[in-house]
Protein chains: 2
Amino acid sequence: MKKRSTLADVAKIANVSMMTASRAINGKPGLSEDLRQRILEIAANLGYRPNIIARGLATSKTCFIGLVVPDITNPFFGQIVRGVENAAFENGYNLFLVDTNEDLVRETSALDSLWQNDIDGLILCSSRLPEADLISQINRFPAVVLVNRELQENLPNLTTINLNDFEGAQIATRYFLQHNRKHVGYLGGPLNSVSNHRRLSGFLNVLKASGNYDINNILDDNVPDTNGGWLAALNLLIKNPNLDAVFAFNDLMAVGAMQALQEVGKRIPEDIAIIGVDDIPLATIIHPQLSTLHVDLQNIGRVALLSLLNLVSDSAAPTNLKIDLKLFLRDSS
Amino acid sequence: MKKRSTLADVAKIANVSMMTASRAINGKPGLSEDLRQRILEIAANLGYRPNIIARGLATSKTCFIGLVVPDITNPFFGQIVRGVENAAFENGYNLFLVDTNEDLVRETSALDSLWQNDIDGLILCSSRLPEADLISQINRFPAVVLVNRELQENLPNLTTINLNDFEGAQIATRYFLQHNRKHVGYLGGPLNSVSNHRRLSGFLNVLKASGNYDINNILDDNVPDTNGGWLAALNLLIKNPNLDAVFAFNDLMAVGAMQALQEVGKRIPEDIAIIGVDDIPLATIIHPQLSTLHVDLQNIGRVALLSLLNLVSDSAAPTNLKIDLKLFLRDSS
DNA sequence: TTGTATGCGTTATCAT
DNA sequence: ATGATAACGCATACAA
């Protein structure tokens with residue numbers, strides 16, 4: 001590995017001061033176009049590239065962004081990460097990635113570690129931190145974007161990005177009612193999930209307004225995977241054998257529910273319709289293909305990064321963004 | 001955001017020189033235990049944390065590792081990333097993540113960008129770079145671990161980690177033969193995939209030795225997703241209607257193939273057996289559950305990072321590691 | 001248009 | 001055992 005050449009090397013060969021070389025390379029005014037070209041050429045020959053770290057020390061702008069996710073293995077976050085990464089790359093920022101393993105302790109020490117690295121900004125996904133801790137963490141960073149988490153108060157350096165779960169659930173539920181489903185159920189996710197809470201609210205809001213509300217059609221607090229959906233569907237069916245539509249907390253649960261329903265002889269969608277949330281790849285692989293509330297996750301990542309850069313450069317005020325879910329109709333509804 | 005306190009702050013309050021403070025904090029000898037405790041306490045009160053970047057400048061060890069993957073959205077890489085990330089965190093290293101979007105140009109500029117950041121080492125997954133380019137890239141970095149890619153020559157700063165595709169394919173193929181399958185087929189992946197090539201070799205090696213080889217049972221060069229598998233299975237069935245076993249390039253293709261076979265009335269595994277590769281979550285969701293060659297991907301990530309750190313610290317020689325695949329038998333075979 | 005001095009936060013080196 | 005000084009690579013502020 002041959003040593004990297006520095007600005008000093010370039011300057012020496014060009015017979016100019018480091019400052020002149022610096023100006024040439026950073027495209028700043030203050031030297032003849034002739035000289036600039038000559039310096040640029042020398043730099044190119046040397047394979048010179050500025051040392052970002054040293055530059056960061058001098059300018060106290062590091063061009064590093066921290067990205068914290070609970071589980072990179074989950075395609076949900078994988079998509080978001082990809083969106084962030086692409087946008088970061090386009091804007092000349094580097095990404096520090098931390099996977100917290102859904103662990104609170106780990107999340108805290110990850111934030112400490114990032115703080116230590118003088119990052120310009122932080123994107124924090126689905127934080128599990130208690131509100132008070134979260135706020136004091138946010139205060140340590142120049143700018144923060146919170147994805148999939150809301151706060152009671154607004155902070156001057158904070159933008160939040162959340163799914164419009166309430167509206168999404170309303171759309172799905174209304175769809176069922178408009179298609180003459182009479183016994184619409186909800187297969188809930190974990191109780192501590194804010195998304196779950198918001199989706200249930202939207203669901204209830206539509207049902208209660210329609211006069212179709214029946215407490216027996218709701219089964220909350222399930223494990224949000226296929227097994228959880230399988231189990232929940234069977235239990236819900238016991239509570240109400242006439243069930244003819246199910247809105248599931250997510251696609252994984254919806255798929256499990258579909259299997260359970262098919263096993264007990266229900267036809268989908270004739271006897272019972274199903275809509276999930278997330279639009280995971282599996283949704284189009286199974287039969288019948290699953291109708292679902294789709295979110296452009298990669299775009300969320302991109303929006304998160306761009307919002308962060310706006311925050312960093314003070315060119316935009318903090319906001320609380322809502323990302324709409326779109327109903328993708330397929331064969332299950 | 002309150003300003004971070006620096007080593008100078010600590011030193012001033014403790015009434016010592018920065019060096020003494022530095023020694024105290026870094027656990028180096030050269031001061032009384034008494035003084036050390038006093039300094040440590042002051043540092044703690046100030047909430048002092050060393051600035052990693054400045055330290056990197058001074059020591060020319062950054063504690064940054066670059067991690068380049070073609071598609072973070074793919075759980076295959078998600079798992080690897082997670083393994084790397086966990087191990088990195090445990091060892092006090094930070095991860096620069098780059099997603100190249102499976103794009104060659106992007107991969108090159110990503111490596112440039114990482115080089116610019118003076119990373120201590122690089123983990124490069126499934127690189128698409130031509131061998132010559134790849135080698136000159138590797139030479140720029142202090143240490144590199146190549147995952148899922150081999151090189152003709154050994155480099156002094158390079159360790160490679162690859163799946164033992166050849167052996168894995170042999171295991172699956174032998175299993176078919178031992179269970180009296182007479183017409184064993186291979187559903188290949190992309191032609192430019194090295195894994196695909198190695199798996200085909202293992203497959204052929206066993207079949208030719210058994211005398212069961214039939215060129216009609218092989219369909220190479222398919223898109224490695226469910227659609228590709230679906231299409232390939234139907235085409236293979238046309239070439240040989242007696243097909244009674246299929247080894248697929250990956251699980252996604254295997255799942256697609258299963259659907260196609262079921263659609264034309266084949267029973268799995270009675271009429272035809274299937275084995276895939278990867279053990280994706282979907283493998284246990286579908287019916288019948290898919291037999292597959294399983295790899296501990298997270299462990300690959302961990303091994304990659306640890307190997308890299310060994311390389312960085314010169315405490316171990318470069319090697320070429322082979323990771324074994326294990327046959328997970330389920331219902332499809 | 002060009003150059004000099006200085007500082008970013010830390011550690012290495014050499015004194016004391 | 002402790003400290004002064006230089007150095008890492010670059011950019012800012014100010015001079016010339």
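1. A definition to start with: two strands pair if DSSP finds at least two bridges between them. With that in hand, here are some friendly notes on this predicted model, beginning with a sheet in chain A. Strand β10 (residues 291–294) of chain A and β12(A) clear that bar, as they pair in the antiparallel sense over three bridges. One of the residues to look at is A:H294, whose bridge partner in β12(A) is A:K326.

2. Now the sheet as a whole. Six strands of chain A make an open sheet with mixed pairing, in the order β7-β6-β8-β9-β10-β12. At its edges lie β7 (218–219) and β12 (326–328) of chain A, each of which pairs on one side only. Helix α8 (residues 165–178) of chain A packs on this sheet, and the strands it touches are β6 (184–187), β8 (245–248), β9 (273–278), β10 and β12 of chain A. The direction of α8 makes about 170° with that of β8(A).

3. How are the two protein copies related? Chain B superposes on chain A, with an RMSD of 0.2 Å, after a rotation of 180° and 0.2 Å of shift along the axis. The two copies are therefore related as by a two-fold rotation axis. If you want a landmark in chain B, take B:F96: its C-alpha is the nearest to the axis in that chain, 2.4 Å from it. Both copies use the same surface, as 97% of the contact residues of chain B recur in chain A.

4. Next, the contact between the copies. Chain B gives 38 residues to it and chain A gives 37. On the side of chain B that touches chain A, at least two residues come from each of α4, α5 (75–90), β2 (94–99), α6 (104–116), α7 (131–140) and α12 (282–285) of chain B. By class, the residues on this side of chain B are 19 nonpolar, 13 polar and six charged.

5. Finally, the DNA. Which residues come nearest to DNA strand C? Of the 24 residues around the strand, they are A:G30 and A:L31 from chain A, with B:L7, B:A54 and B:A58 from chain B. Several helices supply at least two residues each to the surface near DNA strand C: α2 (18–25) and α4 (52–59) of chain A, and α1 (7–14), α2 (18–25) and α4 (52–59) of chain B. The largest share, five residues, comes from α4(B), a helix that also supplies at least two residues of the side of chain B touching chain A. In class terms, the surface near DNA strand C has 14 nonpolar residues, nine polar and one charged.

Notes: Residues numbered from 1 in each chain as written. Chains lettered and ligands numbered in written order. Predicted model: local features only at pLDDT ≥ 70, side-chain atom pairs only at ≥ 80, totals over all residues. Least-squares fit on C-alpha atoms with pLDDT ≥ 70 in both. Contact = placed C-beta atoms within 7 Å. Near = placed C-beta within 6 Å. Helix = DSSP H or I, 4+ residues; strand = E, 2+ residues; numbered from the N terminus. Nonpolar A, V, L, I, M, F, W, Y, C, P; charged D, E, K, R; others polar. Axes fitted to C-alpha atoms, helices over the stretch in contact; angles between N-to-C directions.
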